[in-house]
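Got your viewer open? Let's walk through this one stop at a time, selecting as we go.

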Amino acid sequence: MKQTLLTLLLVFGAAMAFAQTRTIKGKILDAGSGEPLIGATILAKGTSAGTISDVDGNYSLSLPSGANTLVVSFTGYATLEVAVGASNVVDITMATDQVSLSEVVVVGYGTQIKSTLTGNIAKLDGDKLKDLPIVSMEQGIQGKTAGVFVESVNGKPGGAVRVRIRGAASITASNQPLYIVDGIPISVDAQNSSGASLNPLADLNPNDIESVEILKDASAGAIYGSRAANGVVLITTKTGRSGKTYIEANFQTGTSQPTGKREFLDRDEYTQLFLRSAEGAARYEYALDPDAWGGNEQDAIDWYTEYVKGRLNRYSGPDVTDYTTTNTNTNWQDQLFADKPVSTQASLSASGGNERTKYYAAAAWNRQEGVLKGNNFERMSARLNLDQQATERINFGVNMSLARTFTDQVSDDNAFSTPMQLVALSPLTPMRDEDGVLYDRPTTTYYNGLIDMEEANRDVTTFRSLANGYARWKLMDGLLLNGELGTDVWTLRDNAFYGSRTDAGNASNGFGSSVYAQTVNLTPKAFLNYDKSFGVHNLGLTLGTEYQHSRTDRTIVEGGEFPVDDLKTLASAANITLGSSTITEFSFLSYFARANYDFDRKYLLSASARIDGSSRFGSNSRYGFFPSISAGWVLSEEDFLVDNSLISFLKLRASYGKTGNAAIGNFRHLGLYDAAAYGGQSGLSPSQIPNPDLEWEKTAQTDFGIDFGMFNNRLSGEIDYYIKNTTDLLLDVPVPSTSGFRTQTQNVGEVENKGWEFVLNSNNLVGDFKWNTSFNIAINKNNVVSLSEGQDLIDDGNTNVVKVGESIGAFYGAEYAGVDPANGDAIWYKNGEGTGRETTNDYAEAEFVVIGNPNPDFIGGITNSFSWKGLSLDIMFQGVYGNEIYKDGDRFMACQGCWFDNQTTDQLDHWNQPGDVVSVPEPRFWYQNGDQTRNSRYIADGSYLRLKTLTIGYELPKSVLERLGISRTRLYVIGQNLLTFTKYDGWDPEVSSDAFTNNIVSGVDFYSAPQPKVIAFGISVGF
């Protein structure tokens, strides 16, 4: 195959043509007002030749030989491709970006006009991400693209973000999409050890992004083969333009606060509830065994009451013998949240060049203080993109960036040291003694997490370098040979120290750890692009090969016994308790091809294929083939619609293709051994049974779509229906015990996703006052079709399970039936759905059933943009509907006093006497009464609608700026997460605890930090 490709390159290279350049002139105008557009970019397609329009909208461009199409773009307007005819004067009118039928879209290894697409690709211009108070680009696309579910697992800056394109398709392999930055497939696996997993995409500055294309269906993604089953996100960074250097400076600063808080008991309510809990426990225990109390119920009550009072005294202070004599009323929730945390970002960029050399250079700084105390994020980044037109036929360049991030981590959600678990402490407990020292156990109920904030540090520093060098050789008219070499070098240092009073360090007189990890990705590729028109026949061909090798080195050292807490590095540890290093690597070798054909821009046909070979799979299944085919019919070009006053554009399209998922561990197919010691001698012990037939998970996807434009494209949209079936899931299947192993990873099982996507864009008002609306909504149904033979349930003991006939991660447990009015017992349904179901007060008798679904029924967003002269207003709402949340933390903070955790105020509405009809059972200290794990009492509706962003901006008049030598100045105020409409009574409905979240476990709220509500002010100045 390599020889065949080389032969094709030589054959194509033998035919070279030459033509003279000519100068094209014209004016760029706004389609609505007729006003000139200043600073519009005009490029000769397939070359690096380009220019920008001047203050009167005029431009002049030397068109290289063979170039016959102009690509015109301008902020807020749809990018156009304009054919150049015989005339040397080409005037161009541009409409706002709602009219996007001639928009240029980045596809795999090339570009394409949107009106000729037969696949489903969602495009988001970089301007939609610019100036947002976010850490990573995924947060900026939330709610803006149909069928793309984005969720920050909590409100910690730099934390993990879940992205699902058209649903989750895998149970054990990754469900995250493939991310490609300027042609480089980048690493997205977290390597830090302290705290929760961080987001590697936070290394990328969103303000450097020119566009984001999301390949959603198989037709668009199949050219990426074995890694496209979860969708592909193509990120293109900004490039230079010929003409005067344009310098832009930006500054933004603001403050944030948590989007929500919960109501907890004060000291009086706390003591009242726990004394009642003592009485409830005593009465319950006495009823079970009266003889144990000598037939005297009051003795039981007195004993429990005295025990609880003793605890209340203890939590009031080390020398307190009567809690009623103190007046401490600590609001621990106020202690965990930072006081008006500040977020600041600043950037400086320059772009320009001439007809030969173009450049874009930028430097940026971003610091976000989290809503939790001691949790901060900082990024410094720089980028340089260069392009050189060496000859009329050859251009080369490089896109490179360097970023340093620093994260001041806190514990993950499942740790007493995390700030959020401070709410468990009693309001009776003062924070500090008279010497200012923080109280800890036994005075506090649990470990006082404030000690971690003062005497521990988890410092995670990353350095990331992305570089892609390229060369393009125009072999002949329409034929371009591309060569690229991309590198992604990501280095992480995770240094943690826990002082002698901390939870992690008190047993070893201080504890420290140091992790060093480095991932190096190398990706060379070579491919041909051929684009040619033969009258009404238009042909586009792509043929190429690509290789990727990735290696990750990781070293960890741990130690204890530090002489003093001021010495925090492991050089001071007297006892090194752990030292380990690992190396893991994988590689891909790929061949790909695509053919696009259209007849008169009316009948469209596309086919693509990729062959992937991967080191991750067995020797018998090393290579996979991933084809796709799609077709489209532009009905609006037919005679019966071409002059229709209502329908401006109408296209039907359909596609089918196969993609794969190779995002698994690197050695799942091999027989593995672990190092072992026996009798003082080193040795090996088998740890994994081999499977030489192991191969990719396969996803077959069918998509039917309609693209339409009405009223001269002032109203446009898309409707899609898709069915996505994933087979040959990678699951651990039981094997005979005679093998010496319990399980083997095999290809079994099937998952289905199907749904609808709707996009509607409108130019409601044009002229001086403009009003544009963009709306999207997506419905997805996820269903586990089958697992291994004879298996219908994967249950790891969590509330989330995998069950045939249900969605991945469905909540599974006992169904709560309420409270028995006669005695305050929590009661459960003994059997499944139906009428006349029997109840029981014995949790063990309750049949486990599906009690909820963390996956939303639909997701959506709507943006309204208004502008008048220099004023602008953008309002964006985003929401999800139909998902449930398991409030795992409420088993401790909403258990009506089962232990001494402080409780939410709704627990005061508990059962108190026979006849009470309530939803909260009787408080019974020490006894579980409705707070058992895995039950529907703690399942809540997670639907929400959120005012995601609101931006008010003002552009200073050019007449004022010209006297100052300034091209553009914009002042703005932006708000994020300002309003949230929801029935959810937790901190925030956008949640999936960072301590547990994986493919199966999601939608769990366990002391998870709420999202930040941000208000920021900014200024942007251009020269």
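Start by selecting R262 and D890, whose side chains meet in a salt bridge, at 2.8 Å from N to O. Keep in mind that you are looking at a predicted model. Now show the backbone around the pair: R262 sits in the loop between β17 (243–258) and α4 (267–288), while D890 belongs to helix α8 (residues 890–893). That puts the two partners 628 residues apart, so this contact links distant parts of the chain. Is R262 buried or exposed? R262 counts as buried, because its relative accessibility is 6%. D890 counts as buried too, because its relative accessibility is 4%.

**Next stop: K887 and D985**

Select K887 and D985 and look for another salt bridge, with the closest N and O atoms 2.8 Å apart. K887 is in the loop between β47 (884–886) and α8, and D985 is in the loop between β50 and β51, so the pair ties together parts of the chain that are 98 residues apart in sequence. Turn on the surface and check both ends. K887 is buried, with a relative accessible area of 8%, whereas D985 is partly exposed at 39% relative accessibility.

**Then R601 and D598**

Here R601 forms a salt bridge with D598, and the closest N and O atoms are 3.4 Å apart. R601 counts as partly exposed, at 39% relative accessibility. D598 is buried, with a relative accessible area of 7%.

How many salt bridges does the structure hold? There are 56. Side chains of opposite charge can pair when their charged atoms come close. For a linked set, select R166, K216, K651, R653, D703, D707, D720 and E757 together: salt bridges join these residues into a network.

**Over to a nonpolar patch**

Select Y603, W633, F640, L652 and I706, and show them as a surface. Together they make a nonpolar surface patch of about 460 Å². Zoom in on F640, which you'll find in the loop between β28 (623–634) and β29 (647–661). F640 is exposed, because its relative accessible area is 56% and exposed means over 50%.

**Now look inside**

Rolling a probe the size of a water molecule over the atoms shows where empty space is left. How many cavities of 30 Å³ or more does the structure hold? It holds 14. The largest cavity has about 320 Å³ of space. To find it, select Q139, S152, Q368, Q1011 and P1012, which are the closest to its centre of the 30 residues that line it.

Colour the strands β19 (357–369), β50 (968–982) and β51 (1012–1022) next, since each of them supplies at least two residues of the lining of the largest cavity. What kinds of residues make up that lining? By class, the lining of the largest cavity has 10 nonpolar, 16 polar and 4 charged residues.

**Some backbone details**

Go to Y1007, in the loop between β50 and β51. Y1007 is not a glycine, yet it has a positive phi of about 55 degrees. Y1007 counts as buried, because its relative accessibility is 3%.

For another positive phi, select E561, a residue other than glycine with phi near 60 degrees. Where is E561? Look in the loop between β25 (537–560) and β26 (575–599). E561 counts as partly exposed, because its relative accessibility is 35%.

Now select R441 and P442 and display the backbone atoms: the peptide bond from R441 to P442 is cis, with omega near 10 degrees. P442 is in the loop between β21 (394–408) and α7 (450–455).

**Last stop: A403**

Stay with β21 and select A403, which lies in that strand. A403 is buried, with a relative accessible area of 4%. Add R383 to your selection and use the distance tool from C-alpha to C-alpha: A403 and R383 are 8.6 Å apart in space and 20 residues apart in sequence.

Technical notes:
Residues numbered from 1 in each chain as written. Predicted model: local features only at pLDDT ≥ 70, side-chain atom pairs only at ≥ 80, totals over all residues. Heavy atoms only, no water. 1 Å grid on protein atoms, 1.4 Å probe; cavity = no way out; pocket = protein on both sides within 12 Å on 5 of 7 lines; lining within 4 Å. Points joined across faces, edges and corners; volume = space filled by probe spheres on them. Helix = DSSP H or I, 4+ residues; strand = E, 2+ residues; numbered from the N terminus. Nonpolar A, V, L, I, M, F, W, Y, C, P; charged D, E, K, R; others polar. Buried < 20%, exposed > 50% of the residue type's maximum accessible area, 1.4 Å probe, protein only. Patch = residues over 30% accessible without salt bridge, like charges linked within 9 Å, V, L, I, M, F, W, Y side chains within 5 Å. Areas by Shrake-Rupley, 256 points an atom, 1.4 Å probe, with all protein chains shown as cover. Salt bridge = Lys/Arg side-chain N within 4 Å of Asp/Glu carboxyl O.
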